[in-house]
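I opened my notebook to record what I looked up in this structure, one topic at a time. My plan was to begin with a single pair of residues and to work outward from there.

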Amino acid sequence: MEPVSTEASQGVNLADAAPLEPSSERICVLFVGNRLMMDDGVGPATYDYILEHFELPEGVDLFDIGCMSMDMLGYVDRYDFMMTVDAVGESGEAPGTVFRYEPVDVARNDGPTASIHDLKLANLFDAASLMGYHCEGLCYGMQVENLFPAEYAMELTPAVADRVPYLAESVLAELWRHGARARRRDGKPFGPDAYKA
């Protein structure tokens with residue numbers, strides 16, 4: 001699992017463009033995390049940021065799901081490409097570091113203490129394959145500072161909160177690579193063509 005380069009989120013001014021073209025793939029992004037557990041809520045915070053600041057094309061669906069569960073098996077059949085956005089707890093990197101990784105790069109949740117309501121994308125794909133369902137998948141995550149606050153707290157730690165826009169733009173840059181071109185609601189540049197002459 002490697003940190004995402006700071007070049008991952010570049011920006012194209014689409015403010016005056018025609019309506020967004022529908023995505024060339026059926027895509028869903030699952031934002032995982034508990035809003036009440038401080039930095040565990042980085043996924044939901046990224047979901048909020050994207051909805052507030054970006055317009056998404058038809059064919060892209062975002063879900064604030066809390067936790068992965070087998071209830072999402074049908075999603076694997078419904079979509080061509082699925083992403084998760086979640087907190088990373090023990091990478092050894094500084095809080096705010098963003099990662100891009102394949103589902104198989106994250107340990108599956110198994111063993112005697114595993115919960116069917118706390119699955120990883122790889123677990124979901126494993127189960128879906130038994131039903132003949134298949135889609136491509138990718139995971140984004142951020143190294144966080146506090147996953148276990150002493151009391152319920154809905155705010156992120158400052159180092160994590162400051163990097164939510166970067167995580168959001170990294171996720172949207174990935175969607176661009178899959179033919180789903182988002183644009184900023186404020187008209188500021190966004191997208192891989194932003195710095196072309």
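**Entry 1: a bridge and its strands.** I looked up Met 83 and found that its bridge partner in S7 is Leu 138. I keep in mind throughout that this is a predicted model. The pairing behind this bridge is between strand S5, residues 81–88, and S7, which pair in the parallel sense over eight bridges. I then asked which other strand pairs with S7, and in which sense. I noted that strand S6, residues 98–101, pairs with S7 in the antiparallel sense over four bridges, and that Phe 99 stands opposite Gly 141 in S7.

From S5 I went on to strand S2, residues 27–32, which is joined to S5 by five bridges, the two running parallel. Here I wrote down Leu 30, which stands opposite Thr 84 in S5.

**Entry 2: how covered these strands are.** Why do I call S7 largely enclosed by the rest of the structure? I do so because seven of the eight residues of S7 are buried. For S5 I found that eight of the eight residues are buried, so I describe S5, too, as largely enclosed by the rest of the structure.

**Entry 3: the whole protein.** I stepped back to list the elements, and the protein has five helices and eight strands. When I read along the sequence, I get the pattern β-β-α-β-β-α-β-β-α-β-α-α-β. The protein has 197 residues, and buried residues make up 48% of them. I also looked up the surface, of which the protein exposes about 10200 Å², with carbon and sulfur atoms supplying 49% of that area.

**Entry 4: aromatic rings.** I found that the structure holds five aromatic pairs. One of them is formed by Phe 54 and Phe 190, an edge-to-face pair with 5.1 Å from centre to centre and 65° between the planes. Phe 54 lies in strand S3, residues 54–55, while Phe 190 lies in the segment after strand S8 (183–184), so this pair ties together parts that are 136 residues apart in sequence. I checked whether these two are buried or exposed, and noted that Phe 54 and Phe 190 are both buried.

I then looked at Trp 176 and Phe 190, whose ring centres are 6.1 Å apart and whose planes are at 80°, so I entered this pair as edge-to-face as well. Trp 176 lies in helix H5, residues 164–177, and Phe 190 in the segment after S8, so the pair ties together parts that are 14 residues apart in sequence. Trp 176 is buried, as is Phe 190. Putting these notes together, I recorded that Phe 54, Trp 176 and Phe 190 form one aromatic cluster.

A ring can also have a charge over it, and I found such a case at Tyr 166, where the charged end of Arg 163 sits over the ring, 4.3 Å from its centre.

**Entry 5: a patch on the surface.** Which residues make the nonpolar surface patch of about 380 Å²? I wrote down Leu 36, Tyr 152 and Met 154. I followed Met 154 further and placed it in the loop between strand S7 (136–143) and helix H4 (158–161). Met 154 has 58% relative accessibility, and because exposed means over 50%, I count Met 154 as exposed.

**Entry 6: two loop residues.** I looked up Met 70, whose place is in the loop between strand S4 (60–66) and helix H2 (73–78). At 32% relative accessibility, Met 70 counts as partly exposed. Met 70 and Phe 125 are 55 residues apart in sequence, and I noted that their C-alpha atoms are 9.9 Å apart in space.

My last residue was Gly 59, which lies in the loop between S3 and S4. Gly 59 counts as partly exposed at 28% relative accessibility. I also looked up its separation from Glu 21, which is 38 residues away along the chain, and the C-alpha atoms of Gly 59 and Glu 21 are separated by 9.6 Å.

Methods: Residues are numbered from 1 along each chain as its sequence is written. This is a predicted model: local features need pLDDT of at least 70, side-chain atom pairs count only at pLDDT 80 or more; totals for chains, interfaces and linings use all residues. Side-chain values use heavy atoms; hydrogens and water are left out. Buried means under 20% relative accessible area, exposed over 50%, partly exposed in between (1.4 Å probe, protein chains only). Rings of Phe, Tyr and Trp (its six-membered ring) pair if their centres lie within 6.5 Å; planes under 30 degrees apart count as stacked, over 60 as edge-to-face and the rest as tilted. A charge sits over a ring if NZ of Lys or CZ of Arg is within 6 Å of the ring centre and within 35 degrees of the ring normal. Accessible areas come from the Shrake-Rupley method with a 1.4 Å probe; for residues, only the protein chains shown count as cover. Patches are made of residues with over 30% relative accessible area and no salt bridge: like charges are joined within 9 Å, nonpolar side chains (Val, Leu, Ile, Met, Phe, Trp, Tyr) within 5 Å. A salt bridge is a side-chain nitrogen of Lys or Arg within 4 Å of a carboxyl oxygen of Asp or Glu. Two strands pair if DSSP finds at least two bridges between them.
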